[in-house]
Amino acid sequence: MSEKIIGSSRVKRGMAQMQKGGVIMDVVNAEQARIAEAAGAVAVMALERVPSDIRKAGGVARMANPTIVEEVMNAVSIPVMAKARIGHISEARILEAMGVDYIDESEVLTPADEEYHLLKSEYVVPFVCGCRDLGEALRRIGEGASMLRTKGEPGTGNIVEAVRHMRKVNSQINVLTTKSNDELMTFARDIGAPYELVKEVKELGALPVVNFAAGGVATPADAALMMSLGADGVFVGSGIFKSESPEKFARAIVQATTNFENYELLAKLSKDLGEPMKGIEISHLQSQERMQDRGL
Amino acid sequence: MTKFVGVLDLQGAVAEHLIALRNLGVKAVSVKTAEDFDGLDGLIIPGGESTAIGRLIREQGLEEVLRIFYQEGKAIFGTCAGLILCSSDKSHTTEDLRLGFIEMEVERNGFGRQVASFETYLDFLGIDRQVEAVFIRAPYIESVGPNVKVLATVDQKIVAAEQENVLVTAHHPELTEDYAVLTYFLEKIV
(Lines give C-alpha, C1' and ligand atoms only; values in the text may rest on other atoms or scores of the structure.)
Protein backbone atom coordinates (compact mmCIF):
# COMPACT_ATOMS: atom_id res chain seq x y z
CA MET A 1 0.00 0.00 0.00
CA SER A 2 1.19 3.53 -0.65
CA GLU A 3 0.94 6.51 1.63
CA LYS A 4 -2.39 7.61 3.14
CA ILE A 5 -3.69 11.05 2.15
CA ILE A 6 -6.15 12.68 4.55
CA GLY A 7 -8.30 15.78 4.02
CA SER A 8 -8.29 15.64 0.19
CA SER A 9 -11.29 17.13 -1.54
CA ARG A 10 -12.29 13.65 -2.73
CA VAL A 11 -12.32 12.38 0.86
CA LYS A 12 -14.22 15.44 2.12
CA ARG A 13 -16.78 15.56 -0.71
CA GLY A 14 -17.06 11.76 -0.63
CA MET A 15 -18.29 11.87 2.95
CA ALA A 16 -21.23 14.05 1.81
CA GLN A 17 -21.90 11.71 -1.13
CA MET A 18 -22.39 8.88 1.38
CA GLN A 19 -25.14 10.93 3.05
CA LYS A 20 -27.23 11.23 -0.12
CA GLY A 21 -30.86 10.20 0.04
CA GLY A 22 -30.67 10.56 3.79
CA VAL A 23 -31.93 12.79 6.57
CA ILE A 24 -29.66 14.77 8.92
CA MET A 25 -31.39 15.73 12.15
CA ASP A 26 -30.74 18.52 14.68
CA VAL A 27 -30.35 17.22 18.24
CA VAL A 28 -29.54 18.93 21.52
CA ASN A 29 -28.60 15.95 23.70
CA ALA A 30 -27.64 12.25 23.71
CA GLU A 31 -31.22 11.05 24.10
CA GLN A 32 -32.39 12.90 21.01
CA ALA A 33 -29.32 11.68 19.11
CA ARG A 34 -30.21 8.07 19.91
CA ILE A 35 -33.81 8.61 18.78
CA ALA A 36 -32.54 10.09 15.52
CA GLU A 37 -30.11 7.22 14.91
CA ALA A 38 -32.75 4.59 15.65
CA ALA A 39 -35.13 6.30 13.23
CA GLY A 40 -32.57 5.98 10.42
CA ALA A 41 -30.92 9.42 10.37
CA VAL A 42 -27.66 9.41 8.36
CA ALA A 43 -26.11 11.98 10.69
CA VAL A 44 -27.02 14.28 13.54
CA MET A 45 -26.27 17.97 14.02
CA ALA A 46 -25.31 18.64 17.64
CA LEU A 47 -26.62 22.00 18.85
CA GLU A 48 -27.36 23.83 22.05
CA ARG A 49 -30.78 24.89 20.76
CA VAL A 50 -32.75 24.02 17.64
CA PRO A 51 -33.30 27.01 15.32
CA SER A 52 -36.86 27.77 16.47
CA ASP A 53 -35.59 28.05 20.06
CA ILE A 54 -32.67 30.22 18.89
CA ARG A 55 -35.30 32.56 17.42
CA LYS A 56 -37.20 32.63 20.72
CA ALA A 57 -34.13 33.03 22.91
CA GLY A 58 -32.70 35.94 20.92
CA GLY A 59 -29.27 37.30 21.85
CA VAL A 60 -26.08 35.90 20.38
CA ALA A 61 -26.16 32.28 19.17
CA ARG A 62 -22.74 30.60 19.34
CA MET A 63 -21.11 27.21 18.71
CA ALA A 64 -22.61 24.58 21.02
CA ASN A 65 -20.92 23.87 24.32
CA PRO A 66 -18.29 21.14 23.65
CA THR A 67 -19.87 19.10 26.45
CA ILE A 68 -23.04 18.70 24.39
CA VAL A 69 -21.13 17.90 21.21
CA GLU A 70 -19.05 15.29 23.04
CA GLU A 71 -22.12 13.78 24.68
CA VAL A 72 -23.72 13.35 21.26
CA MET A 73 -20.51 11.95 19.72
CA ASN A 74 -20.36 9.33 22.46
CA ALA A 75 -24.03 8.41 22.11
CA VAL A 76 -24.21 7.41 18.42
CA SER A 77 -22.16 5.64 15.76
CA ILE A 78 -23.44 7.76 12.83
CA PRO A 79 -21.56 10.94 11.85
CA VAL A 80 -21.91 13.99 14.09
CA MET A 81 -21.97 17.48 12.64
CA ALA A 82 -21.80 20.76 14.55
CA LYS A 83 -22.28 24.41 13.70
CA ALA A 84 -19.67 27.17 13.85
CA ARG A 85 -20.43 30.87 13.41
CA ILE A 86 -19.72 32.29 9.95
CA GLY A 87 -16.08 33.35 9.86
CA HIS A 88 -15.30 32.11 13.38
CA ILE A 89 -11.92 30.47 12.78
CA SER A 90 -11.45 29.42 16.41
CA GLU A 91 -14.87 27.77 16.82
CA ALA A 92 -14.23 25.81 13.63
CA ARG A 93 -10.74 24.74 14.74
CA ILE A 94 -12.11 23.69 18.15
CA LEU A 95 -14.77 21.51 16.52
CA GLU A 96 -12.14 20.04 14.18
CA ALA A 97 -9.86 19.26 17.13
CA MET A 98 -12.77 17.49 18.84
CA GLY A 99 -13.09 15.19 15.84
CA VAL A 100 -16.51 16.36 14.67
CA ASP A 101 -17.26 14.72 11.30
CA TYR A 102 -18.61 17.79 9.47
CA ILE A 103 -18.87 21.49 10.33
CA ASP A 104 -21.82 23.62 9.25
CA GLU A 105 -20.62 27.21 8.83
CA SER A 106 -24.10 28.38 9.60
CA GLU A 107 -26.23 31.50 9.33
CA VAL A 108 -28.41 30.00 12.09
CA LEU A 109 -25.74 31.22 14.52
CA THR A 110 -24.88 34.91 14.87
CA PRO A 111 -22.11 35.66 12.34
CA ALA A 112 -18.68 36.36 13.83
CA ASP A 113 -17.50 38.03 10.65
CA GLU A 114 -19.84 40.09 8.48
CA GLU A 115 -17.34 40.28 5.63
CA TYR A 116 -15.51 36.98 5.28
CA HIS A 117 -16.33 33.29 5.45
CA LEU A 118 -13.84 30.66 6.62
CA LEU A 119 -11.18 29.47 4.19
CA LYS A 120 -12.53 25.95 4.43
CA SER A 121 -9.98 24.41 2.07
CA GLU A 122 -7.38 24.79 4.85
CA TYR A 123 -9.11 22.32 7.15
CA VAL A 124 -9.02 18.51 7.25
CA VAL A 125 -12.63 18.40 8.46
CA PRO A 126 -15.19 18.98 5.70
CA PHE A 127 -17.69 21.87 5.73
CA VAL A 128 -21.28 22.36 4.62
CA CYS A 129 -22.60 25.86 3.87
CA GLY A 130 -25.95 27.37 3.00
CA CYS A 131 -26.75 29.02 -0.33
CA ARG A 132 -29.66 30.85 -1.93
CA ASP A 133 -28.41 31.00 -5.51
CA LEU A 134 -25.66 29.68 -7.76
CA GLY A 135 -23.28 32.59 -7.11
CA GLU A 136 -23.43 32.01 -3.37
CA ALA A 137 -23.07 28.24 -3.91
CA LEU A 138 -19.92 28.66 -6.00
CA ARG A 139 -18.39 31.25 -3.66
CA ARG A 140 -18.73 28.74 -0.81
CA ILE A 141 -17.24 25.94 -2.93
CA GLY A 142 -14.46 28.33 -3.90
CA GLU A 143 -13.67 28.77 -0.20
CA GLY A 144 -13.58 24.99 0.16
CA ALA A 145 -17.10 23.87 1.16
CA SER A 146 -17.49 20.14 0.43
CA MET A 147 -21.27 20.13 0.67
CA LEU A 148 -24.03 22.66 0.20
CA ARG A 149 -27.56 23.10 1.47
CA THR A 150 -30.30 25.59 0.82
CA LYS A 151 -30.49 28.29 3.46
CA GLY A 152 -34.27 28.28 3.54
CA GLU A 153 -35.51 30.15 6.58
CA PRO A 154 -34.44 28.10 9.61
CA GLY A 155 -36.74 27.51 12.56
CA THR A 156 -39.90 28.59 10.74
CA GLY A 157 -41.33 25.22 9.71
CA ASN A 158 -42.14 27.02 6.46
CA ILE A 159 -40.75 25.35 3.34
CA VAL A 160 -41.23 28.29 0.97
CA GLU A 161 -37.70 29.72 1.26
CA ALA A 162 -35.97 26.34 0.81
CA VAL A 163 -38.08 25.79 -2.31
CA ARG A 164 -37.11 29.23 -3.62
CA HIS A 165 -33.39 28.55 -3.05
CA MET A 166 -33.38 25.04 -4.54
CA ARG A 167 -35.29 26.20 -7.63
CA LYS A 168 -33.05 29.23 -8.04
CA VAL A 169 -29.79 27.24 -7.97
CA ASN A 170 -31.11 24.59 -10.35
CA SER A 171 -32.61 27.03 -12.82
CA GLN A 172 -29.35 29.02 -12.89
CA ILE A 173 -27.47 25.78 -13.63
CA ASN A 174 -29.90 25.10 -16.47
CA VAL A 175 -29.32 28.56 -17.92
CA LEU A 176 -25.55 28.15 -17.54
CA THR A 177 -25.51 24.90 -19.54
CA THR A 178 -27.05 26.74 -22.51
CA LYS A 179 -24.35 29.45 -22.51
CA SER A 180 -21.54 29.34 -25.05
CA ASN A 181 -18.00 29.37 -23.69
CA ASP A 182 -17.39 33.00 -24.64
CA GLU A 183 -20.30 34.06 -22.41
CA LEU A 184 -19.00 32.39 -19.24
CA MET A 185 -16.83 35.21 -17.86
CA THR A 186 -19.73 37.66 -18.00
CA PHE A 187 -22.03 35.06 -16.47
CA ALA A 188 -19.48 34.56 -13.67
CA ARG A 189 -19.28 38.31 -13.09
CA ASP A 190 -23.05 38.72 -13.03
CA ILE A 191 -23.64 36.02 -10.43
CA GLY A 192 -20.48 36.84 -8.45
CA ALA A 193 -18.92 33.39 -8.82
CA PRO A 194 -15.37 32.17 -9.52
CA TYR A 195 -14.89 31.70 -13.29
CA GLU A 196 -13.20 28.29 -13.00
CA LEU A 197 -16.16 26.90 -11.06
CA VAL A 198 -18.64 28.35 -13.54
CA LYS A 199 -16.76 26.47 -16.29
CA GLU A 200 -16.80 23.29 -14.22
CA VAL A 201 -20.57 23.48 -13.55
CA LYS A 202 -21.21 24.04 -17.25
CA GLU A 203 -19.19 20.93 -18.13
CA LEU A 204 -20.79 18.79 -15.41
CA GLY A 205 -24.29 20.15 -15.89
CA ALA A 206 -24.48 20.01 -12.10
CA LEU A 207 -22.77 21.24 -8.95
CA PRO A 208 -19.49 19.47 -8.16
CA VAL A 209 -20.69 18.78 -4.59
CA VAL A 210 -23.83 17.41 -2.98
CA ASN A 211 -26.67 19.90 -2.31
CA PHE A 212 -29.18 19.16 0.48
CA ALA A 213 -32.40 20.91 1.41
CA ALA A 214 -32.53 22.79 4.72
CA GLY A 215 -34.43 25.54 6.48
CA GLY A 216 -38.13 24.89 6.96
CA VAL A 217 -38.67 21.13 6.50
CA ALA A 218 -41.48 20.17 8.93
CA THR A 219 -43.36 17.19 7.45
CA PRO A 220 -42.72 14.01 5.40
CA ALA A 221 -44.37 15.77 2.44
CA ASP A 222 -41.94 18.72 2.79
CA ALA A 223 -39.00 16.30 2.63
CA ALA A 224 -40.48 14.56 -0.42
CA LEU A 225 -41.09 17.92 -2.11
CA MET A 226 -37.47 18.93 -1.72
CA MET A 227 -36.27 15.59 -3.11
CA SER A 228 -38.61 16.07 -6.11
CA LEU A 229 -37.01 19.46 -6.71
CA GLY A 230 -33.60 17.80 -6.93
CA ALA A 231 -32.25 17.92 -3.39
CA ASP A 232 -29.68 15.20 -2.67
CA GLY A 233 -30.99 14.77 0.88
CA VAL A 234 -32.62 16.69 3.71
CA PHE A 235 -31.63 18.50 6.90
CA VAL A 236 -34.40 18.71 9.48
CA GLY A 237 -33.83 21.25 12.21
CA SER A 238 -36.70 22.02 14.53
CA GLY A 239 -39.12 19.82 12.54
CA ILE A 240 -38.43 16.61 14.48
CA PHE A 241 -38.04 17.54 18.12
CA LYS A 242 -40.52 20.42 18.06
CA SER A 243 -43.25 18.13 16.69
CA GLU A 244 -45.77 16.33 18.87
CA SER A 245 -44.12 12.90 18.44
CA PRO A 246 -40.46 13.10 17.45
CA GLU A 247 -39.97 9.32 16.95
CA LYS A 248 -42.85 9.10 14.50
CA PHE A 249 -41.85 12.25 12.63
CA ALA A 250 -38.23 11.12 12.41
CA ARG A 251 -39.09 7.70 10.98
CA ALA A 252 -41.71 9.06 8.59
CA ILE A 253 -39.39 11.76 7.23
CA VAL A 254 -36.62 9.17 6.65
CA GLN A 255 -38.98 6.92 4.69
CA ALA A 256 -40.48 9.84 2.79
CA THR A 257 -37.01 10.96 1.68
CA THR A 258 -36.24 7.51 0.20
CA ASN A 259 -39.70 7.04 -1.34
CA PHE A 260 -40.36 10.62 -2.40
CA GLU A 261 -42.32 9.65 -5.49
CA ASN A 262 -44.44 6.92 -3.90
CA TYR A 263 -47.50 9.01 -3.10
CA GLU A 264 -49.61 6.21 -1.65
CA LEU A 265 -46.86 5.47 0.83
CA LEU A 266 -46.45 9.19 1.56
CA ALA A 267 -50.16 9.37 2.38
CA LYS A 268 -49.75 6.47 4.78
CA LEU A 269 -46.63 7.99 6.35
CA SER A 270 -48.41 11.28 6.91
CA LYS A 271 -51.25 9.73 8.93
CA ASP A 272 -51.45 9.64 12.72
CA LEU A 273 -48.28 11.62 13.21
CA GLY A 274 -49.73 14.18 15.58
CA GLU A 275 -49.08 17.89 15.19
CA PRO A 276 -46.03 19.11 13.28
CA MET A 277 -44.05 22.04 14.66
CA LYS A 278 -45.91 25.33 14.56
CA GLY A 279 -44.93 27.35 11.50
CA ILE A 280 -44.17 31.03 10.97
CA GLU A 281 -45.29 33.06 7.95
CA ILE A 282 -42.09 34.51 6.42
CA SER A 283 -43.60 37.97 5.77
CA HIS A 284 -44.21 38.29 9.53
CA LEU A 285 -40.46 38.19 10.19
CA GLN A 286 -38.68 41.50 10.73
CA SER A 287 -35.74 41.97 8.37
CA GLN A 288 -33.24 41.46 11.23
CA GLU A 289 -34.94 38.13 12.02
CA ARG A 290 -34.22 36.70 8.56
CA MET A 291 -31.30 34.31 9.05
CA GLN A 292 -30.88 33.71 5.31
CA ASP A 293 -29.64 37.28 4.78
CA ARG A 294 -26.59 36.62 6.94
CA GLY A 295 -23.24 35.81 5.29
CA LEU A 296 -23.73 36.14 1.52
CA MET B 1 -24.91 -10.88 -23.46
CA THR B 2 -25.06 -7.55 -21.62
CA LYS B 3 -24.79 -7.97 -17.89
CA PHE B 4 -27.70 -6.59 -15.84
CA VAL B 5 -26.77 -5.16 -12.44
CA GLY B 6 -28.89 -3.37 -9.82
CA VAL B 7 -27.76 -0.83 -7.24
CA LEU B 8 -29.76 -0.88 -4.01
CA ASP B 9 -31.28 2.61 -3.94
CA LEU B 10 -32.42 3.28 -0.38
CA GLN B 11 -29.73 5.72 0.72
CA GLY B 12 -26.11 6.46 -0.16
CA ALA B 13 -23.86 6.72 -3.21
CA VAL B 14 -26.22 5.15 -5.75
CA ALA B 15 -25.73 7.44 -8.75
CA GLU B 16 -21.94 7.04 -8.59
CA HIS B 17 -22.23 3.24 -8.95
CA LEU B 18 -24.77 3.54 -11.76
CA ILE B 19 -22.47 5.88 -13.70
CA ALA B 20 -19.47 3.59 -13.22
CA LEU B 21 -21.45 0.50 -14.30
CA ARG B 22 -22.79 2.26 -17.40
CA ASN B 23 -19.30 3.44 -18.31
CA LEU B 24 -18.32 -0.24 -18.25
CA GLY B 25 -21.09 -1.11 -20.72
CA VAL B 26 -23.30 -2.80 -18.14
CA LYS B 27 -27.08 -2.41 -18.05
CA ALA B 28 -27.57 -0.80 -14.61
CA VAL B 29 -30.73 0.08 -12.72
CA SER B 30 -31.61 1.44 -9.31
CA VAL B 31 -33.41 -1.02 -7.02
CA LYS B 32 -35.99 0.16 -4.48
CA THR B 33 -38.65 -2.56 -4.43
CA ALA B 34 -38.93 -6.37 -4.67
CA GLU B 35 -40.07 -6.12 -8.33
CA ASP B 36 -36.89 -4.27 -9.23
CA PHE B 37 -34.88 -7.48 -8.57
CA ASP B 38 -36.44 -9.22 -11.60
CA GLY B 39 -33.84 -10.44 -14.05
CA LEU B 40 -30.80 -8.99 -12.26
CA ASP B 41 -27.48 -10.84 -12.63
CA GLY B 42 -25.89 -8.96 -9.77
CA LEU B 43 -26.52 -6.40 -7.06
CA ILE B 44 -24.39 -3.68 -5.48
CA ILE B 45 -25.14 -2.55 -1.94
CA PRO B 46 -23.55 0.92 -1.96
CA GLY B 47 -21.82 3.07 0.59
CA GLY B 48 -23.98 5.16 2.89
CA GLU B 49 -24.94 4.79 6.53
CA SER B 50 -25.40 1.11 7.39
CA THR B 51 -27.91 1.82 10.17
CA ALA B 52 -30.09 3.88 7.81
CA ILE B 53 -29.85 1.43 4.88
CA GLY B 54 -30.48 -1.55 7.20
CA ARG B 55 -33.59 0.03 8.64
CA LEU B 56 -34.89 0.92 5.18
CA ILE B 57 -34.27 -2.65 3.90
CA ARG B 58 -36.64 -3.86 6.61
CA GLU B 59 -39.19 -1.10 6.12
CA GLN B 60 -39.28 -1.68 2.36
CA GLY B 61 -39.74 -5.43 3.02
CA LEU B 62 -36.57 -6.33 1.08
CA GLU B 63 -34.76 -8.57 3.57
CA GLU B 64 -36.33 -11.81 2.25
CA VAL B 65 -35.81 -10.85 -1.40
CA LEU B 66 -32.15 -10.16 -0.69
CA ARG B 67 -31.75 -13.55 1.00
CA ILE B 68 -33.33 -15.37 -1.94
CA PHE B 69 -31.12 -13.41 -4.36
CA TYR B 70 -28.09 -14.52 -2.35
CA GLN B 71 -29.22 -18.16 -2.14
CA GLU B 72 -29.70 -18.26 -5.90
CA GLY B 73 -25.98 -17.60 -6.13
CA LYS B 74 -26.32 -14.20 -7.79
CA ALA B 75 -23.30 -11.89 -7.54
CA ILE B 76 -23.41 -9.36 -4.68
CA PHE B 77 -20.94 -6.52 -4.04
CA GLY B 78 -21.06 -4.55 -0.80
CA THR B 79 -19.01 -1.36 -0.51
CA CYS B 80 -18.41 0.19 2.95
CA ALA B 81 -21.94 0.24 4.46
CA GLY B 82 -22.70 -2.63 2.06
CA LEU B 83 -19.78 -4.58 3.56
CA ILE B 84 -21.21 -4.13 7.05
CA LEU B 85 -24.68 -5.23 5.94
CA CYS B 86 -23.32 -8.35 4.14
CA SER B 87 -21.33 -9.45 7.21
CA SER B 88 -22.32 -11.97 9.86
CA ASP B 89 -21.09 -9.59 12.55
CA LYS B 90 -22.56 -10.34 15.97
CA SER B 91 -21.22 -7.40 17.93
CA HIS B 92 -24.14 -5.16 16.88
CA THR B 93 -27.54 -4.77 18.54
CA THR B 94 -30.45 -6.73 17.03
CA GLU B 95 -31.85 -3.41 15.77
CA ASP B 96 -29.08 -3.29 13.17
CA LEU B 97 -29.48 -5.58 10.17
CA ARG B 98 -26.70 -8.05 9.28
CA LEU B 99 -27.46 -10.28 6.29
CA GLY B 100 -24.73 -12.87 6.99
CA PHE B 101 -23.80 -13.33 3.31
CA ILE B 102 -20.12 -13.57 4.18
CA GLU B 103 -18.68 -15.01 7.35
CA MET B 104 -16.83 -12.18 9.05
CA GLU B 105 -16.82 -9.86 12.05
CA VAL B 106 -16.58 -6.15 11.36
CA GLU B 107 -15.30 -3.12 13.24
CA ARG B 108 -17.46 -0.16 12.19
CA ASN B 109 -15.64 3.17 11.73
CA GLY B 110 -12.52 1.07 12.34
CA PHE B 111 -10.16 3.72 10.99
CA GLY B 112 -11.69 6.48 13.11
CA ARG B 113 -13.88 9.48 12.46
CA GLN B 114 -14.07 11.58 9.27
CA VAL B 115 -10.89 13.57 10.01
CA ALA B 116 -9.03 10.23 9.68
CA SER B 117 -10.69 9.30 6.35
CA PHE B 118 -8.08 8.83 3.64
CA GLU B 119 -7.26 7.85 0.10
CA THR B 120 -4.42 5.62 -1.00
CA TYR B 121 -3.27 3.05 -3.57
CA LEU B 122 -4.03 -0.50 -2.56
CA ASP B 123 -2.57 -3.92 -3.44
CA PHE B 124 -5.54 -6.07 -4.38
CA LEU B 125 -5.25 -9.85 -4.84
CA GLY B 126 -6.31 -10.81 -8.35
CA ILE B 127 -5.60 -7.35 -9.81
CA ASP B 128 -2.09 -6.97 -11.18
CA ARG B 129 -1.58 -3.33 -10.25
CA GLN B 130 -2.41 -1.06 -7.31
CA VAL B 131 -5.97 0.32 -7.26
CA GLU B 132 -7.10 3.80 -6.23
CA ALA B 133 -9.02 3.51 -2.98
CA VAL B 134 -11.02 6.09 -0.99
CA PHE B 135 -11.86 5.21 2.61
CA ILE B 136 -14.62 7.27 4.31
CA ARG B 137 -15.19 6.54 8.01
CA ALA B 138 -14.47 3.06 6.78
CA PRO B 139 -14.96 -0.22 8.61
CA TYR B 140 -12.40 -3.01 8.58
CA ILE B 141 -12.87 -6.76 8.79
CA GLU B 142 -11.80 -8.04 12.20
CA SER B 143 -11.88 -11.76 11.47
CA VAL B 144 -13.02 -14.04 8.67
CA GLY B 145 -14.39 -17.58 8.44
CA PRO B 146 -12.47 -20.46 6.76
CA ASN B 147 -14.18 -20.02 3.37
CA VAL B 148 -13.43 -16.32 3.05
CA LYS B 149 -10.61 -15.16 0.78
CA VAL B 150 -8.82 -11.99 1.93
CA LEU B 151 -8.14 -9.64 -1.00
CA ALA B 152 -6.61 -6.50 0.51
CA THR B 153 -5.29 -5.04 3.76
CA VAL B 154 -4.40 -1.59 5.16
CA ASP B 155 -2.10 -1.48 8.21
CA GLN B 156 -2.62 -5.25 8.64
CA LYS B 157 -6.39 -4.70 8.75
CA ILE B 158 -8.51 -6.59 6.22
CA VAL B 159 -10.37 -4.21 3.90
CA ALA B 160 -11.55 -6.47 1.06
CA ALA B 161 -12.69 -10.09 0.92
CA GLU B 162 -14.83 -12.53 -1.00
CA GLN B 163 -16.74 -15.71 -0.37
CA GLU B 164 -18.24 -17.47 -3.40
CA ASN B 165 -20.69 -15.02 -4.99
CA VAL B 166 -20.16 -12.20 -2.49
CA LEU B 167 -17.47 -9.49 -2.72
CA VAL B 168 -16.98 -6.78 -0.10
CA THR B 169 -14.67 -3.76 0.13
CA ALA B 170 -14.30 -1.19 2.90
CA HIS B 171 -13.35 1.45 0.34
CA HIS B 172 -15.48 3.15 -2.32
CA PRO B 173 -14.55 2.15 -5.88
CA GLU B 174 -17.47 4.34 -7.03
CA LEU B 175 -15.66 7.52 -5.92
CA THR B 176 -12.81 7.03 -8.39
CA GLU B 177 -12.55 6.46 -12.12
CA ASP B 178 -10.42 3.41 -11.44
CA TYR B 179 -12.82 0.62 -12.40
CA ALA B 180 -10.50 -2.33 -11.66
CA VAL B 181 -12.38 -3.57 -8.59
CA LEU B 182 -15.77 -3.10 -10.25
CA THR B 183 -14.48 -5.04 -13.27
CA TYR B 184 -13.27 -7.75 -10.88
CA PHE B 185 -16.81 -7.93 -9.47
CA LEU B 186 -18.43 -8.08 -12.91
CA GLU B 187 -16.26 -11.11 -13.73
CA LYS B 188 -18.16 -12.96 -10.99
CA ILE B 189 -21.21 -12.78 -13.25
CA VAL B 190 -20.88 -15.65 -15.69
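This report walks through the largest pocket and the annotated binding-site residues of a predicted model.

## The largest pocket

Let us start with the open space at the surface of the model. The largest pocket holds about 890 Å³ of space. Its lining is made of 29 residues, and those closest to the pocket centre are A:Q17, A:L204, A:L207, A:P208 and B:E16.

Both chains take part in this lining. From chain A, helix 1 (9–17), helix 7 (160–177), helix 9 (195–204) and strand 8 (210–212) each give two or more residues, and helix 1 (14–23) of chain B does so too. That chain B helix is worth a look on screen: helix 1 of chain B supplies the largest share of the lining, with five residues. Sorted by class, the lining has 13 nonpolar residues, along with eight polar and eight charged ones.

## A binding-site cluster around the largest cavity

Now for the annotations. In an unreviewed UniProt entry, the feature "binding site" covers A:D26, A:G155, A:G216, A:G237 and A:S238. These positions are spread over 213 residues of sequence, yet they cluster in space, with a largest C-alpha distance of 12.4 Å. A:D26, A:G155, A:G216, A:G237 and A:S238 are also found in the lining of the largest cavity.

## A closer look at A:D26 and A:G237

Two members of this group are good places to zoom in. A:D26 sits in strand 2 of chain A, which runs over residues 23–27. A:D26 counts as buried because its relative accessible area is 4%, under the 20% cut-off. Setting aside residues up to four places away in sequence, A:D26 touches A:Q32, A:M45, A:L47, A:V50, A:P51, A:V236, A:G237 and A:F241.

A:G237 belongs to the loop that joins strand 9 (234–236) to helix 11 (238–241) in chain A. With a relative accessible area of 17%, A:G237 is under 20% and is therefore buried. Beyond its neighbours within four places in sequence, A:G237 is in contact with A:D26, A:V50 and A:P51. A:V50 and A:P51 are likewise on the list of residues that A:D26 touches.

## A:R167, another annotated position

One more residue deserves a visit. UniProt, again in an unreviewed entry, places the feature "binding site" at A:R167. This arginine is part of helix 7 of chain A, and helix 7 of chain A is one of the elements that give two or more residues to the lining of the largest pocket. Is A:R167 buried or exposed? A:R167 is exposed, because its relative accessible area of 52% is over the 50% cut-off.

Technical notes. Residues numbered from 1 in each chain as written. Chains lettered and ligands numbered in written order. Predicted model: local features only at pLDDT ≥ 70, side-chain atom pairs only at ≥ 80, totals over all residues. Heavy atoms only, no water. 1 Å grid on protein atoms, 1.4 Å probe; cavity = no way out; pocket = protein on both sides within 12 Å on 5 of 7 lines; lining within 4 Å. Points joined across faces, edges and corners; volume = space filled by probe spheres on them. Helix = DSSP H or I, 4+ residues; strand = E, 2+ residues; numbered from the N terminus. Nonpolar A, V, L, I, M, F, W, Y, C, P; charged D, E, K, R; others polar. UniProt positions renumbered as here; feature names shortened; annotations may be inferred. Buried < 20%, exposed > 50% of the residue type's maximum accessible area, 1.4 Å probe, protein only. Contact = heavy atoms within 4.5 Å.
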